[in-house]
Amino acid sequence: MVRWILDRYRHAFALTGYNYPPYYMLVAEAGMVCFTSFAAVQRLVAGVSGWQWSILAAAFVLGSASSVLTLFKGHRPLIPVLLVNSVATTGLFWSIPVHGDVSPLILVLAATMTTAVVPFRQAILYVLAFEAAMIGGVVSGAVEQGWLPLVMMVGFGGCVGQLMQQQLRASDAERREREQQQIVDRAGIAGEVHDVVAHSLSIVLLNVTAARRALECGDDVADAVEALRDAESQGRAAMGDVRRTIELLRTDGVSDAAQPGLADVGELVAGFRRAGSTVSVAVRDPVEDLSSATGLAVYRVVQESLTNASKHAADRPVEVSAGPVGRRGYAVRITNPVGAVRRGSSGLGLAGMASRVENLGGVFSAGVVGGEWVVRAEFGDVVPDRVTCPVEEVFGGR
């Protein structure tokens with residue numbers, strides 16, 4: 001039963017465009033019914049007669065009608081109807097005055113419920129309408145309490161409603177920001193998985209190909225065994241990286257494992273060389289130490305470029321150059337002869353490299369220059385027009 005009630009209230013809130021917890025409305029509607037019932041009991045205890053019975057019955061029905069309609073009809077709550085209904089209910093109760101009347105609390109609660117689901121300007125108008133009704137009761141002598149406390153109570157109810165609305169908006173904004181950050185984080189993790197798996201599988205396939213050719217040509221079996229051992233080592237390393245990444249996704253945590261950087265480029269190139277690729281490398285130290293993020297970006301650009309070269313330009317030489325540019329800039333360039341046309345490529349590798357570089361304020365470009373496929377990335381003090389210069393100008397010639 002309770003679940004059904006909460007579902008109905010959740011639906012009612014959805015119709016208003018406000019996703020309050022459903023028990024908010026449950027408490028508010030229960031409060032309205034309680035105030036209405038208590039005000040009716042006060043008059044029954046004080047004694048009613050004649051026409052007062054009809055007035056009391058009408059006040060009780062009006063006070064409960066809004067809650068019943070919302071619960072059973074499931075329609076969108078009509079705020080003007082709530083205003084008219086609560087003022088009419090309170091006015092009927094005031095026609096039968098009693099000592100210690102609680103019926104003014106109906107207006108206070110109605111002001112809170114109203115301002116919680118309307119914009120700020122409309123909320124002011126509704127609060128003024130409730131204030132006018134309360135002052136009317138005081139002027140007519142139907143309310144024994146002073147006008148100032150009652151007016152302050154209605155204003156307080158309106159403020160509480162608006163505070164609830166602002167809290168809801170802040171909570172929704174925080175939730176959306178958290179969801180967006182999770183999307184960004186997971187996209188970053190997906191990029192890492194792509195880099196690790198693509199690189200490791202490329203090395204494994206190159207080693208397996210080298211071993212097959214050695215066996216087919218009757219060459220030294222030791223060379224084939226060594227290539228297979230290297231493939232096995234790369235495969236195990238890739239499995240470990242994938243496991244760590246999956247664990248990171250499961251726990252929504254932050255990896256504390258050391259990330260590769262500029263110092264690891266040499267070992268990266270050595271792995272491709274052992275697999276049979278012809279790679280020349282010239283890496284100069286930066287003028288100032290690179291941040292860990294920049295070092296990782298340089299490593300990933302080289303890794304992805306070598307992986308692409310092994311797939312699309314196998315058995316062709318690859319050149320890797322990296323060094324300082326300008327006062328505090330640093331640039332990396334990878335070139336290889338243009339290989340086979342890239343059919344069916346998703347382009348995720350290039351998009352990932354570009355995104356990684358540009359997120360650090362760098363400039364990235366990839367394309368054919370003079371019959372070579374050239375990948376360039378610059379970080380730090382970057383002159384945007386530099387990427388349009390010939391490749392040789394970036395490092396002052398080969």
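**Exercise 1.** In this predicted model, determine whether Q303 counts as buried or exposed.

*Solution.* Step 1: Q303 has a relative accessibility of 3%. Step 2: The cut-off for a buried residue is under 20% relative accessible area. Step 3: Q303 therefore counts as buried.

**Exercise 2.** State where Q303 is found and which side chain is joined to that of Q303 by a polar contact.

*Solution.* Step 1: Q303 is found in helix α10, which covers residues 292-312. Step 2: The side chain of Q303 is joined to that of R300 by a polar contact of 2.9 Å.

**Exercise 3.** Establish how the axes of helices α4 and α6 are arranged, and describe the residues in the contact of α4 with α6 by class.

*Solution.* Step 1: Helix α4 comprises residues 79-94 and helix α6 comprises residues 120-139; their axes come within 11 Å and cross at roughly 10°. Step 2: Angles under 35 degrees count as roughly parallel, so α4 is roughly parallel to α6. Step 3: In α4, the residues that meet α6 are I79, P80, L83, S86, V87 and W94. Their partners in α6 are Y126, A129, F130, A133, M134 and G137. Step 4: By class, this contact has 10 nonpolar residues, 2 polar residues and no charged residues.

**Exercise 4.** Describe the protein chain as a whole: how many helices and strands are there, and what percentage of the residues count as buried?

*Solution.* Step 1: The protein chain has 12 helices and 5 strands. Step 2: Of its 398 residues, 43% count as buried. Step 3: The accessible surface of the protein chain is about 21,500 Å², and 61% of that surface belongs to carbon and sulfur atoms.

Terms used:
Residues are numbered from 1 along each chain as its sequence is written. This is a predicted model: local features need pLDDT of at least 70, side-chain atom pairs count only at pLDDT 80 or more; totals for chains, interfaces and linings use all residues. Side-chain values use heavy atoms; hydrogens and water are left out. Helices (H or I, at least four residues) and strands (E, at least two) are DSSP runs, numbered from the N terminus. Buried means under 20% relative accessible area, exposed over 50%, partly exposed in between (1.4 Å probe, protein chains only). Accessible areas come from the Shrake-Rupley method with a 1.4 Å probe; for residues, only the protein chains shown count as cover. Axes are lines fitted to C-alpha atoms, for helices over the stretch in contact, and angles run from 0 to 180 degrees between N-to-C directions. Angles under 35 degrees count as roughly parallel, over 145 as roughly antiparallel, 65 to 115 as roughly perpendicular and the rest as oblique. Contact means heavy atoms within 4.5 Å. Ala, Val, Leu, Ile, Met, Phe, Trp, Tyr, Cys and Pro count as nonpolar, Asp, Glu, Lys and Arg as charged, and the others, Gly among them, as polar. A polar contact is a pair of N or O atoms within 3.5 Å; within protein, one must be able to donate a hydrogen and the other to accept it, and residues adjacent in sequence count only if both atoms are side-chain atoms.
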